[in-house]
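Biologist: I'm new to this one. Could you walk me through it, one question at a time?

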Amino acid sequence: MDREEIQTILPHRDPMLLVDRMEVDAQGVGHAWYRIPSNPFYCQGHFPGNPIVPGVILCEIMAQSTCQLYPEVFKDHLVVYRGMDRVKFRGTVKPGDLCEVTCTLKEQKGSLFVCEAALSVSGKRCAQAQLTLAAVPK
């Protein structure tokens, strides 16, 4: 799926659309890619002279990447956070980096979706989390 197709699923738009491309492999694992812009708004004060992508943005990249695992839900629902567990930050992400996210749907309970996600740059894991998302009517 390219950015245009992603926008048919996700309601996010620039500057908060944080996925460029995604696909689900034969094993049901989602893969997504996002190139951090050279001067994103969220790095302008984080930190001057040493810009680092904030952890909350890394979590948002991972959460948006999970939408490919249950795209049919987005037709009539808005998907929002209900929880983040086992969040770990293992490396820094900088402007210009290409993030690769892998994600799996671990459990669905009614309108709740529990996903595992990991974000890497150049093969090095930088963040991981268990994300609980909920589909609420639009």
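**A first look around**

Modeller: Sure, and keep in mind that this is a predicted model. Let's begin on the outside: Met84, Val87 and Phe89 make up a nonpolar surface patch, and together they have about 250 Å² of accessible area.

Biologist: Take Met84 from that patch. Is Met84 buried, partly exposed or exposed?

Modeller: Met84 belongs to strand S3, which covers residues 77-89. Its relative accessible area is 40%. Buried would need under 20% and exposed over 50%, so Met84 counts as partly exposed.

Biologist: And Ser65, is that buried or exposed?

Modeller: Ser65 sits in helix H2. Setting aside neighbours within four places in sequence, Ser65 is in contact with Val19, Met22, Ala32, Val101 and Cys103. Its relative accessible area is 1%, and the cut-off for buried is under 20%, so Ser65 is buried.

Biologist: How many of the residues of H2 are buried?

Modeller: The buried ones in H2 include Ile57, Leu58 and Ser65. Buried residues of H2 pack against strand S1 (21-24), S2, S3, S4, S5 and S6. H2 is mostly covered, and of its eleven residues the buried ones number nine.

Biologist: Which residues touch the most other members of the largest nonpolar core?

Modeller: In general, nonpolar side chains in soluble globular proteins tend to be buried together. Here the largest nonpolar core has 40 residues, and the ones touching the most other members are Ile61, Met62, Tyr70, Val93 and Leu119. At least two residues of this core come from each of strand S2 (30-35), helix H2 (55-65), strand S4 (98-109), strand S5 (112-121) and strand S6 (124-137). Leu119, leaving aside neighbours within four places in sequence, has contacts that include Leu58, Ile61 and Met62. So the names you asked for are Ile61, Met62, Tyr70, Val93 and Leu119.

Biologist: Now the strands. Which residue in S6 stands opposite Phe89?

Modeller: S3 and S6 run antiparallel and are joined by ten bridges. S6 itself is mostly covered, with ten of its 14 residues buried. Opposite Phe89, in S6, stands Ala127.

Biologist: Which residue takes a positive phi in the hairpin of S5 and S6?

Modeller: S5 and S6 pair in the antiparallel sense over ten bridges, and Phe113 stands opposite Leu133 in S6. Their hairpin has two residues between the strands, and the positive phi, near 50°, belongs to Ser122.

Definitions and conventions. Residues numbered from 1 in each chain as written. Predicted model: local features only at pLDDT ≥ 70, side-chain atom pairs only at ≥ 80, totals over all residues. Heavy atoms only, no water. Core = buried A, V, L, I, M, F, W, Y, C linked by side-chain atoms within 4.5 Å. Buried < 20%, exposed > 50% of the residue type's maximum accessible area, 1.4 Å probe, protein only. Helix = DSSP H or I, 4+ residues; strand = E, 2+ residues; numbered from the N terminus. Contact = heavy atoms within 4.5 Å. Patch = residues over 30% accessible without salt bridge, like charges linked within 9 Å, V, L, I, M, F, W, Y side chains within 5 Å. Areas by Shrake-Rupley, 256 points an atom, 1.4 Å probe, with all protein chains shown as cover. Salt bridge = Lys/Arg side-chain N within 4 Å of Asp/Glu carboxyl O. Pairing = 2+ DSSP bridges.
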